[in-house]
Amino acid sequence: MIVVASDLDPSREHQHAPGPSLWPVGFAVGVVVLLVGFVVSWAIVAIGVFVTVFFAFLWLRELTQGSPLAEKPEKAKPEKRLPAGAPVPRAPHEQQEVERYPRNVFLEASTLGLGAVIGGIVTLPVLGFMIGPAFLKQGVRHSDLGPIGDYPEGEYVVTTFTSSDEGDVSRRTAFIRNNGFLGNQPSFTVISNHCAHLGCPVQPNGAIQYKKVSTYKDVTKLPVNPSGFGCPCHGGQYDTEGNRIAGPPVRALDRYSFSIVNGHLMVGKPFSVAYVIGLGAGAKIHVAKYSFPGEPVSGLESWLYPIQPPR
Ligand code: FES
């Protein structure tokens, strides 16, 4: 005859693990939304926190219901006085062998606890590296590219500079043209050399005058007189304003914002450009949010890329 443990000790039935539940799934979904929110936006972080806390509450409530933690202690009954010399009756729970702290509960708790500690050791550093940068002051600095007199009017200069404090990995190249004055403000065209197809380094279509190279701090300047710009990877072609004229790129070349400080040209954040109408100082630039290469920034196709993760 097969004897089931619960038949022997009905009081242990309540110690069984709760049945399948959807609350852990909701909790996991909340954590995922929370992590995605750190990349996308704070509104999604708030939604993730709400979902995580909500399902954590439901899950905890389900775990504690029916567990020894949730049981109310029985009221103590008044003791009966026994006549002197009479044998002391034993309580029912003392008449049989009772495990005060069953081994399976101990093993279950120690396994879960150990798993939680190991999971924390493995997960926390990863989370720190994922989330930490969002709270650090990282970003593009305004790079000093030297006196504006180093940029002859109407000519392109291939300029290589450091765009942030991260060192050589942040070296960038821009095609810079001095457009003269627009009103009383100096005008510059500062085009990024990152191809708008897949990001390859675009080259000027014209001879670079290597003998006229000049430097200013860590900035290198090479004059060039291009008829346009071309990408060596898949043949993308751009005109002198950075408009795409042939090949697979989906938009114009990105540009950098600029300012003039104490007679020096400073470049700042890059931005994307859908297309440019006109030339030089009078050009109308259709500016767009800074987007990854290959992403259209105008027309119906741009609707396929509604969210731009920060970078
Ligand atoms: S990366 Fe420039 S054309 Fe493909």
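This passage describes the confidence, strand pairing, nonpolar cores, cysteines and one buried asparagine of a predicted model.

Residues are numbered from 1 along each chain as its sequence is written, and side-chain values use heavy atoms, with hydrogens and water left out. Because the model is predicted, local features need pLDDT of at least 70 and side-chain atom pairs count only at pLDDT 80 or more, whereas totals for chains, interfaces and linings use all residues. Here pLDDT is the predictor's confidence in each residue, on a scale from 0 to 100. The chain has a mean pLDDT of 82, and 78% of its residues reach 70 or more. Over residues 1-14 the pLDDT stays under 50, and the model has 7 contacts beyond four places in sequence for this segment; a contact means heavy atoms within 4.5 Å.

Strands were assigned as DSSP runs of at least two residues (E), with helices (H or I) requiring at least four, and are numbered from the N terminus. Two strands are taken to pair if DSSP finds at least two bridges between them. An open sheet of 4 strands follows the order E5-E8-E9-E10, with antiparallel pairing. E5 and strand E10 (244-246) stand at its edges, each with a single partner strand, so one side of each is left without a neighbour in the sheet. E5 and E8 run antiparallel and are joined by 2 bridges, and Gln203 stands opposite Gly230 in E8. Elsewhere, strand E11 (residues 255-261) pairs with strand E12 (residues 264-277) in the antiparallel sense over 6 bridges. The bridge partner of Arg255 in E12 is Phe271. E11 and E12 form a hairpin with 2 residues between them, and Asn262 in the turn has a positive phi of about 50 degrees.

In soluble globular proteins, nonpolar side chains tend to be buried together. A nonpolar core is defined as a set of buried Ala, Val, Leu, Ile, Met, Phe, Trp, Tyr and Cys residues joined through side-chain atoms within 4.5 Å. Buried denotes under 20% relative accessible area, exposed over 50%, and partly exposed the range in between (1.4 Å probe, protein chains only). The largest nonpolar core contains 14 residues, of which Phe175, Val202, Phe229 and Tyr238 touch the most other members. Strand E2 (156-162) and strand E7 (219-224) each supply at least two residues of this core. A second, separate core of 12 residues includes Leu145, Ala174, Phe188 and Val190.

The structure holds 1 disulfide, a term that denotes a pair of cysteine sulfur atoms within 2.5 Å. This bond joins Cys200 to Cys233, with an S to S distance of 1.9 Å. The torsion about the S-S bond of Cys200 and Cys233 is about -90 degrees, and the disulfide is therefore left-handed. The pair links distant parts of the chain, 33 residues apart: Cys200 lies in the loop between strand E4 (185-192) and strand E5 (203-204), and Cys233 in the loop between strand E8 (229-230) and strand E9 (237-238). Cys200 is buried, at 17% relative accessible area, whereas Cys233 is partly exposed at 36%. Cys195 and Cys231 are also buried, the former at 3% relative accessibility and the latter at 7%.

Asn178 belongs to strand E3 (residues 171-182) and counts as buried because its relative accessibility is 11%. The side chain of Asn178 reaches the backbone oxygen of Tyr151 at 2.9 Å. Beyond residues up to four places away in sequence, Asn178 touches Ile148, Tyr151, Pro152, Glu153, Gly154, Glu155, Ser187 and Phe188. Among these neighbours, Phe188 is also included in the second core.

Technical notes
A polar contact is a pair of N or O atoms within 3.5 Å; within protein, one must be able to donate a hydrogen and the other to accept it, and residues adjacent in sequence count only if both atoms are side-chain atoms.
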